[in-house]
Amino acid sequence: MRKLIVSSLVSLDGIHGDPQSWVGDFFDEQAVQESLAVLLGSDAMLMGRNTYEYFAPAWSSPQGPYLERINAMRKYVFSSTLAAASWNNATIIPGDPAAAVRELKEQGDRHLVIYGYGQLAQTLLGHGLVDQLNFVVNPVMAGSGTTLFRPGKRTNLRLISATERRNGVVVLSYANA
């Protein structure tokens, strides 16, 4: 069975929304190479409607190996309101995300990946479907924005690894306990 890997950029003050406004130089060449390695080990990307509407216009014109890989991958968009997906290899899944992801995890050889820790990722974590949760902690105080931590049920996690990048970013990887 393939793994579901969730990766989220987060500031020191717990902000994960709108990372392009605060991540700046912290998403450097090392970050691109590490992210590309995860993408090359994956064959599909999962996202909710908000992430799709943000990523599709920004990333649909591939420039370089990172965006070329994302554009080539199958993309599953979980939404009950989005009628059509025009981004290359994107399919809308309107039903229960947990049931659909259980099926997707049984298919294929490579991993599934989610960028961001929004409603979809939180729902899947709550159903025990996330195999690896990566928080990429950037040494910046964003000051405002969508917080990473929201009310929800308790979920115990087990630290898999903690790595520091040259620029002070720390990647914390967890699995369900």
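**Group meeting: the eight-stranded sheet and its surroundings**

I begin at one register point: E164 stands opposite V170 in strand β8. The model I am presenting is a predicted one, and this pair serves as our entry to its sheet. Strand β8 covers residues 170-176, and β7 and β8 pair in the antiparallel sense, over seven bridges.

Let me now turn to the sheet as a whole. Eight strands form an open sheet with mixed pairing, and their order is β4-β3-β2-β5-β1-β6-β8-β7. The two edges are β4, residues 90-93, and β7, residues 157-164, each of which pairs on one side only. From one strand to the next, the twist averages 25°. Packed on this sheet is helix α4, residues 97-106, which touches β1 (4-11), β2 (42-48), β3 (74-78), β4 and β5 (111-115). The direction of α4 makes about 160° with that of β3.

Strand β3 deserves a closer look. It runs parallel to β2, to which five bridges join it, and G48 stands opposite F78 of β3. Strands β3 and β4 also run parallel, joined by four bridges; here K75 stands opposite A90 in β4. How many of the five residues of β3 are buried? Four of them are, so the strand is largely enclosed by the rest of the structure.

Next, helix α5. This helix spans residues 119-126, and its buried residues are L120, A121, L124 and L125. These four cover an arc of only 130° around the axis, which puts them on the same side of α5. Just after the helix, G128 takes a positive phi of about 75°.

That brings me to the nonpolar interior. The largest nonpolar core has 25 residues, and those touching the most other members are L4, L46, F78, I114, Y117 and L124. Two or more residues of this core come from each of β1, β2, β3, α4, β5, α5 and β6, the last of these being residues 132-138. A second, separate core has 18 residues, and M45, V77, W87 and A90 are among them.

L124 of helix α5 links several of these pieces. With its neighbours within four places in sequence left aside, L124 is in contact with L4, L46, P97, A98, V101, I114, L129 and V130.

I close with two polar residues. The first is D96, in the loop between β4 and α4. Is D96 buried or partly exposed? Its relative accessibility is 46%, so D96 counts as partly exposed. The side chain of D96 reaches the backbone nitrogen of A98 at 3.2 Å. S80 lies 16 residues from D96 along the chain, and the C-alpha atoms of the two are separated by 9.4 Å.

The second residue is S11, located in strand β1. At 2% relative accessibility, against a limit of under 20% for burial, S11 counts as buried. What does the side chain of S11 contact? It makes a polar contact with the side chain of D13, at 2.5 Å. Not counting residues up to four places away in sequence, S11 touches W22, N138, V140 and A142.

Conventions. Residues are numbered from 1 along each chain as its sequence is written. This is a predicted model: local features need pLDDT of at least 70, side-chain atom pairs count only at pLDDT 80 or more; totals for chains, interfaces and linings use all residues. Side-chain values use heavy atoms; hydrogens and water are left out. Two strands pair if DSSP finds at least two bridges between them. Axes are lines fitted to C-alpha atoms, for helices over the stretch in contact, and angles run from 0 to 180 degrees between N-to-C directions. Contact means heavy atoms within 4.5 Å. Buried means under 20% relative accessible area, exposed over 50%, partly exposed in between (1.4 Å probe, protein chains only). The arc is that of the directions from the helix axis to the C-beta atoms. A nonpolar core is a set of buried Ala, Val, Leu, Ile, Met, Phe, Trp, Tyr and Cys residues joined through side-chain atoms within 4.5 Å. A polar contact is a pair of N or O atoms within 3.5 Å; within protein, one must be able to donate a hydrogen and the other to accept it, and residues adjacent in sequence count only if both atoms are side-chain atoms.
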